[in-house]
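Please open the structure in your viewer and keep the selection tool at hand. The stops below are meant to be taken in order.

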Amino acid sequence: MMFTINGEKDEHGRRKRKHDLGESSGGIYIPPFKLARMMEDAEDKSSAEYQRMTWDDLKKSINGLVNKVNATNIKNIIPELFAENLIRGRGLFVRACIKSQMASPGFTDVFAALAAVVNTKFPEVGDLLLRRIVLQLQRAYIRNDKPKLLAAMKFIAHLVNHQVVHELVALELLAVLLENPSDDSVEVAVGFVTECGSILQDLTPRGLDGIVSCMQNHRYVYFWGI
């Protein structure tokens with residue numbers, strides 16, 4: 001049987017959708033009549049099935065890009081990331097960044113740099129990222145989960161360095177940590193200042209001096225490089 005070029009494309013598209021539907025079903029047997037109906041729904045861009053398929057594709061793509069980003073390839077990852085629908089997938093991007101940063105705190109500077117570049121084009125993404133990190137920080141603080149608290153504070157510190165997060169937010173977080181100081185809370189505060197103390201010194205020297213004075217008043221002596 002001969003096909004025109006358009007016919008070949010249509011046939012290829014149907015086969016691909018059939019393959020995608022088979023993957024999304026997890027290898028479970030689907031009766032032919034049900035599979036045919038699912039394929040028809042997938043061809044209709046307004047259908048829930050089509051939207052779910054495109055959402056899954058977007059999720060896989062964004063997760064893949066965030067997971068493989070590093071200091072060497074970030075300049076190549078950014079154009080690929082901007083080619084995705086980041087308005088629709090902003091929650092996916094934020095979740096991927098937070099999850100990857102929590103798993104690899106040593107790459108926080110890379111994830112913060114990636115978020116900073118995205119923030120220049122889509123400020124709502126940076127806003128959502130900060131809100132999600134603060135929520136995670138609050139949970140960690142309430143549960144006394146020190147590793148997650150340190151990771152969240154480190155992420156915010158690097159976002160302050162890239163001026164995605166305002167310096168006043170940094171001072172407010174430090175004030176909360178030192179309101180009822182303990183060894184752990186002061187350790188977290190010192191770690192935070194270690195990460196972003198330089199920019200705080202430039203942008204709000206009086207605020208930073210107040211934080212240091214607060215530490216001294218409680219007789220906590222630490223040294224960090226600013």
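What follows is a short tour, from the whole chain to a few chosen side chains.

Begin with the chain as a whole, bearing in mind that this is a predicted model. Coloured by secondary structure, the chain shows 11 helices and 0 strands, so a plain α element is repeated from the N terminus onwards. If you then colour by accessibility, 38% of the 226 residues count as buried.

Next, select Lys59, Arg95, Lys99 and Arg132 together and show the surface, where these residues gather in a patch of positive charge. Within this group, Lys59 can be found in helix α3, which covers residues 48-68. Lys59 has a relative accessibility of 39% and therefore counts as partly exposed, because that class lies between the limits of 20% and 50%.

Now move to Ser100, which sits in helix α5, spanning residues 90-103. Is Ser100 buried or exposed? Its relative accessible area is 10%, so Ser100 is buried, the cut-off being under 20%. Display the side chain of Asn67 as well, and you can trace a polar contact of 3.1 Å between the side chains of Ser100 and Asn67.

For the last stop, return to the surface and select Tyr141, Ile142 and Val176, which make a nonpolar patch of about 320 Å². Tyr141 belongs to helix α7, made of residues 123-143, and with a relative accessibility of 38% Tyr141 counts as partly exposed.

Terms used. Residues numbered from 1 in each chain as written. Predicted model: local features only at pLDDT ≥ 70, side-chain atom pairs only at ≥ 80, totals over all residues. Heavy atoms only, no water. Patch = residues over 30% accessible without salt bridge, like charges linked within 9 Å, V, L, I, M, F, W, Y side chains within 5 Å. Areas by Shrake-Rupley, 256 points an atom, 1.4 Å probe, with all protein chains shown as cover. Salt bridge = Lys/Arg side-chain N within 4 Å of Asp/Glu carboxyl O. Lys, Arg positive; Asp, Glu negative; His and termini not counted. Charge placed at Lys NZ, Arg CZ, Asp CG, Glu CD. Helix = DSSP H or I, 4+ residues; strand = E, 2+ residues; numbered from the N terminus. Buried < 20%, exposed > 50% of the residue type's maximum accessible area, 1.4 Å probe, protein only. Polar contact = N/O pair within 3.5 Å; in protein donor to acceptor, adjacent residues only side chain to side chain.
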